Amino acid sequence: MSGHAPEQQPAWQTLSEAAARLGRRPIATLLDDEARNRALTLDAPGMQVDFTRQRLDTAAVETLLDLAQQQGLAAQIEQLFSGVHVNTTEDRPALHTALRAEPAERPADLAAEIGQVFERLSRLAAEIRNGHRRGYTGRAFTDVVHIGIGGSHLGPELVVDALGEPAGGGPRVHFVANIDGAALHAALRTLNPQTTLFVVVSKSFATLETRVNAQSARSWFIERTADPAAVQQHFLAVSANVAAAAEFGIDPALVLPLWDWVGGRFSLWSAVGLPIALCAGPAQFMELLRGARDMDQHFRHTPLGRNAPVLMALSGIWNYNFCGAASHAVLPYARRLRLLPDYLQQLEMESNGKSVHHDGSPVGVHSMPVVWGSEGTNGQHAFHQLLHQGTRAFTADFILIASADHPYADHQRWLLANGLAQSQAMMAGQTADDPHRAVAGDKPTTSIVLPRLDAYSLGALLALYEHKVFCQGVIWNINSFDQWGVELGKRLALPIYDQLGGASAAHQDAATRRLIEHLQRN
Ligand code: F6P
């Protein structure tokens with residue numbers, strides 16, 4: 001990957017000029033151009049994406065597409081799918097798309113292995129769901145405790161939560177990620193060890209939080225069953241480090257493998273998605289993959305100007321780099337997508353929160369800003385005040401679901417009315433004699449509309465964001481697939497752990513030492 005700094009491309013300068021020109025044009029007036037509106041409304045698998053409330057005219061879109069072309073986006077999309085080592089610092093491909101490809105479309109050297117893992121996953125999930133695989137006393141599993149963090153947690157929890165109640169007799173799934181013992185305690189408090197299955201998910205099987213939680217869960221289990229051998233019936237793992245999982249005491253036959261070519265935050269499509277198959281059934285998990293696969297096809301084969309992830313990425317670049325947006329709000333108008341902002345925080349910020357190019361030279365423009373958000377309409381009664389009258393520029397995605405799956409039709413109508421009203425208010429604003437009541441409006445937002453929230457459209461939605469992240473990494477010429485920044489804190493925690501236990505903290509900086517002493521005194 002020998003790319004260029006984006007600001008060195010001719011399109012960058014033209015975009016700065018376009019931003020100065022369009023900065024004087026209220027977004028509302030851009031909507032008068034019907035041809036522009038058609039160009040900014042895209043149909044993609046499982047959804048429509050509407051960019052018409054972005055501060056973009058057709059000339060600006062053309063120049064953003066020029067920038068994409070100058071940064072070699074089309075070729076790099078092909079490289080992503082064909083297994084080029086796009087993760088340059090770890091010298092690996094990022095082949096999460098192979099997991100959801102049709103078997104015949106998977107890379108030849110991986111196809112058999114991927115197929116076998118999906119077969120094992122489906123069989124295991126079916127056996128647990130139908131009671132063929134049971135706990136050590138012969139009782140069926142009613143509860144699954146998923147232990148994992150980051151990419152080994154956020155995706156599965158989001159999907160399990162979004163797909164709703166366990167379907168067709170699936171077990172309840174409880175997620176434990178935080179090393180705070182309160183998380184494990186809350187999950188285990190009411191559970192019966194005889195009917196509880198633990199799934200330890202960790203690509204490395206070395207992550208502190210997961211190791212500590214898994215060890216405590218195993219102790220909890222053995223203390224109550226007095227039968228260490230039963231661990232083998234009650235613990236499964238998903239890991240690229242099968243040896244470490246076996247050493248922990250998990251039967252290697254019950255360790256589903258993961259590969260180094262699947263990044264943690266892109267791993268929900270692999271065996272990391274086991275809790276989804278357990279809770280919603282293997283068929284639903286396959287539907288999720290099908291939605292993502294259709295989005296992959298759209299991304300790979302649609303011209304860049306009609307390509308939803310590409311335009312989403314470019315409108316982000318436009319907002320962050322040319323229009324001063326300091327954050328990106330994710331506003332799903334769906335209770336069942338309430339975990340989407342958390343999931344996207346890892347996907348977007350761990351991927352593109354970088355300040356050097358592939359070759360290690362410093363990035364000369366802003367890369368990913370903060371992603372945040374929460375479910376509509378709750379946010380309206382909390383932070384939307386800042387969105388309407390605050391001083392910082394932002395951009396937002398509204399996610400609307402056309403039809404509901406509950407009996408309260410009136411609620412659904414109100415929910416949609418509120419979502420539409422908020423994006424309208426953010427664009428139109430209002431004038432008022434009293435400055436306290438004036439709303440500036442003119443805020444750029446994108447609306448994503450799903451006909452319904454099912455496994456298929458959810459898979460497509462998550463793949464949409466994954467590809468958006470990839471495209472932005474290409475434009476900024478950064479590696480979206482590593483996360484070296486998180487290592488430092490992990491290393492520093494080790495001596496502090498010992499010092500909190502009484503070891504000397506003499507070599508710590510004064511602030512850390514004082515805090516350690518204060519915590520010990522209290
Ligand atoms: O610390 C960050 C991170 O490495 C993430 O990238 C990853 O998803 C998470 O920790 C968990 O890692 P693992 O699956 O190896 O336990």
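Q: What is the volume of the second largest pocket in this predicted model?
A: In this predicted model, the second largest pocket has a volume of about 400 Å³.

Q: What makes Arg-335 and His-406 lining residues of the second largest pocket?
A: A lining residue has an atom within 4 Å of a grid point of the pocket. There are 20 such residues here, and Arg-335, Ala-404, His-406, Gln-412 and Leu-415 are the closest to the centre. Helix α18, residues 409-428, gives the most to this lining, with five residues.

Q: How do you know which classes the residues lining the second largest pocket belong to?
A: Class follows from residue type: Asp, Glu, Lys and Arg count as charged, so Arg-335 is charged, while Ala-404 and Leu-415 are nonpolar. By this division the lining has seven nonpolar, eight polar and five charged residues.

Q: Why is the space taken by the ligand called the largest pocket?
A: A molecule sits in a pocket if more than half of its atoms lie within 2 Å of the grid points. The ligand takes the space of the largest pocket, and the volume of that pocket is about 950 Å³.

Q: Which residues and elements line the largest pocket?
A: The lining has 38 residues, with Ser-204, Thr-207, Gln-483, Glu-487 and Lys-490 nearest the centre. Two or more residues come from each of α10 (208-225), α16 (340-352) and α20 (487-500). Of the elements, α20 gives the most, with six residues. By class, the lining holds 14 nonpolar, 14 polar and ten charged residues.

Q: What makes a residue part of the shell around the ligand?
A: The test is a heavy atom within 4 Å of the ligand. The shell has 14 residues, and the closest are Gly-151, Ser-152, Ser-202, Ser-204 and Thr-207. It divides into two nonpolar, nine polar and three charged residues.

Q: Why is the pair between Thr-207 and the ligand called a polar contact?
A: The cut-off for a pair of N or O atoms is 3.5 Å. A polar side-chain atom of Thr-207 lies 2.5 Å from an oxygen atom of the ligand, so the pair counts as a polar contact. The side chain of Glu-350 has a polar atom 2.8 Å from a ligand oxygen, and for an N or O atom in the side chain of Lys-490 the distance to a ligand oxygen is 3.0 Å. Both values lie within 3.5 Å, so these pairs also count.

Q: How much of the ligand's accessible area does the protein cover?
A: On its own the ligand has 400 Å² of accessible area, and the protein covers 86% of it.

Notes:
Residues are numbered from 1 along each chain as its sequence is written. This is a predicted model: local features need pLDDT of at least 70, side-chain atom pairs count only at pLDDT 80 or more; totals for chains, interfaces and linings use all residues. Side-chain values use heavy atoms; hydrogens and water are left out. On a 1 Å grid over the protein atoms alone, a cavity is a set of points where a 1.4 Å probe fits but cannot get out, and a pocket is an open set with protein on both sides within 12 Å along at least five of seven lines; lining residues have an atom within 4 Å of a point. Grid points are joined across faces, edges and corners, and a volume is the space filled by probe spheres set on the points. Helices (H or I, at least four residues) and strands (E, at least two) are DSSP runs, numbered from the N terminus. A polar contact is a pair of N or O atoms within 3.5 Å; within protein, one must be able to donate a hydrogen and the other to accept it, and residues adjacent in sequence count only if both atoms are side-chain atoms. Accessible areas come from the Shrake-Rupley method with a 1.4 Å probe; for residues, only the protein chains shown count as cover.
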